[in-house]
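Today I am going through the empty spaces and the surface of this model, one entry at a time. I start with a surface residue and work my way inward.

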Amino acid sequence: YSFNIKSRQVKKLARSGEPADLFFAPHGIDIFAKNGEKFLYVVNHGKEMNDADQSIVIYRMVGDALSFVARVRSEFINSPNDVAVAENGSFYVTNDHGSRGSLWEVFWGLRRSGIAYCTLADLGATNAKATCALAAEGLAMANGPIVRGEKVYVTATRENALFEFKRRADGSLTEKKKIAEVAGGDNLSRYERQLITASHTSNWKFFRHASSASNKAPSLIVAADPDTKSVTPLYYNDGSEIPAASGAFIHNGRLFISQVFEDFILECRPVQ
């Protein structure tokens with residue numbers, strides 16, 4: 001879907017040109033612009049929760065429609081959560097599990113997830129090919145990635161941390177630094193020098209909400225400054241206004257919040 005902030009219009013985007021065997025189960029997304037064109041990168045899952053068919057699907061955005069460009073599969077994309085596109089059209093993928101669907105990893109906060117980097121040969125070509133490799137490992141539920149110049153930032157949900165990596169020329173990541181303590185960090189967005197993320201403050205309440213919408217899970221939005229390593233709360237609610245917030249961004253002085261399970265976006269004005 002697309003959501004027009006100004007008109008408040010929501011549109012379902014038609015898709016075309018997909019392979020006949022593609023089952024569409026989208027998760028994390030990112031947009032990339034090149035030579036006047038826009039491309040949508042989509043984390044895509046298989047039919048079943050632990051299906052081995054995990055991929056990144058790339059579409060060309062044409063008006064209110066999506067035209068299939070490529071599907072990227074790799075042994076290094078085993079449990080994708082989110083995707084972040086670099087300035088050249090290549091991209092990073094966070095795998096939130098070492099073994100997809102492992103509750104053992106989640107409950108014990110095991111550092112078995114990581115980040116893949118996929119080099120895209122020719123984005124404009126039909127069925128463009130990509131070569132993927134392991135960029136970083138040893139994270140406990142890698143989640144929202146974002147590329148900013150020579151740095152890549154990633155939330156590690158089960159480590160309650162926001163990490164900074166330095167990018168090498170080959171896309172691999174090095175010099176891992178913890179720059180903020182964020183409980184259950186999820187997706188990332190940029191606002192000026194800061195990184196905005198949603199925070200799941202209670203794992204127990206999150207899982208209870210996943211089993212029933214009547215069980216509310218708290219939502220916290222924070223801004224982290226990579227330079228000062230400071231964390232500033234922007235919004236908090238016990239879940240009665242919006243439960244289990246998963247992402248947020250700031251536009252024209254307004255905070256827009258998305259969520260994991262429910263079907264609405266919350267807009268917040270600054271406190272006067």
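**Entry on Phe3.** I looked up how open Phe3 is to its surroundings, keeping in mind that the model is predicted. Phe3 has a relative accessible area of 32%, so I list Phe3 as partly exposed, the class that runs between 20% and 50%. I also noted where Phe3 sits: in strand S1, residues 2-3.

**Entry on the surface patch.** Next I asked which residues make a nonpolar surface patch with Phe3. I found Tyr1, Val10 and Ile265 alongside Phe3, and the patch comes to about 450 Å². Phe3 can belong to the patch because its 32% is over the 30% that membership requires.

**Entry on the cavity.** I then searched the whole structure for cavities of 30 Å³ or more and came back with one. The largest cavity holds about 40 Å³ of space. Its lining, as I wrote it down, is Leu22, Phe23, Asn44, His45, Gly46, Asp53, Ser55 and Arg71. By class, I have two nonpolar, four polar and two charged residues in that lining.

**Entry on the second largest pocket.** How much space lies in the second largest pocket? I have about 200 Å³ in my notes. Strand S19 (230-237) and strand S21 (254-259) each give at least two residues to the lining of this pocket. Among the lining residues I jotted down Tyr191, Gln194, Leu234, Tyr235, Arg254, Leu255, Cys268 and Pro270. The lining of the second largest pocket divides into eight nonpolar, two polar and two charged residues.

Key:
Residues are numbered from 1 along each chain as its sequence is written. This is a predicted model: local features need pLDDT of at least 70, side-chain atom pairs count only at pLDDT 80 or more; totals for chains, interfaces and linings use all residues. Side-chain values use heavy atoms; hydrogens and water are left out. On a 1 Å grid over the protein atoms alone, a cavity is a set of points where a 1.4 Å probe fits but cannot get out, and a pocket is an open set with protein on both sides within 12 Å along at least five of seven lines; lining residues have an atom within 4 Å of a point. Grid points are joined across faces, edges and corners, and a volume is the space filled by probe spheres set on the points. Ala, Val, Leu, Ile, Met, Phe, Trp, Tyr, Cys and Pro count as nonpolar, Asp, Glu, Lys and Arg as charged, and the others, Gly among them, as polar. Patches are made of residues with over 30% relative accessible area and no salt bridge: like charges are joined within 9 Å, nonpolar side chains (Val, Leu, Ile, Met, Phe, Trp, Tyr) within 5 Å. Accessible areas come from the Shrake-Rupley method with a 1.4 Å probe; for residues, only the protein chains shown count as cover. A salt bridge is a side-chain nitrogen of Lys or Arg within 4 Å of a carboxyl oxygen of Asp or Glu. Helices (H or I, at least four residues) and strands (E, at least two) are DSSP runs, numbered from the N terminus. Buried means under 20% relative accessible area, exposed over 50%, partly exposed in between (1.4 Å probe, protein chains only).
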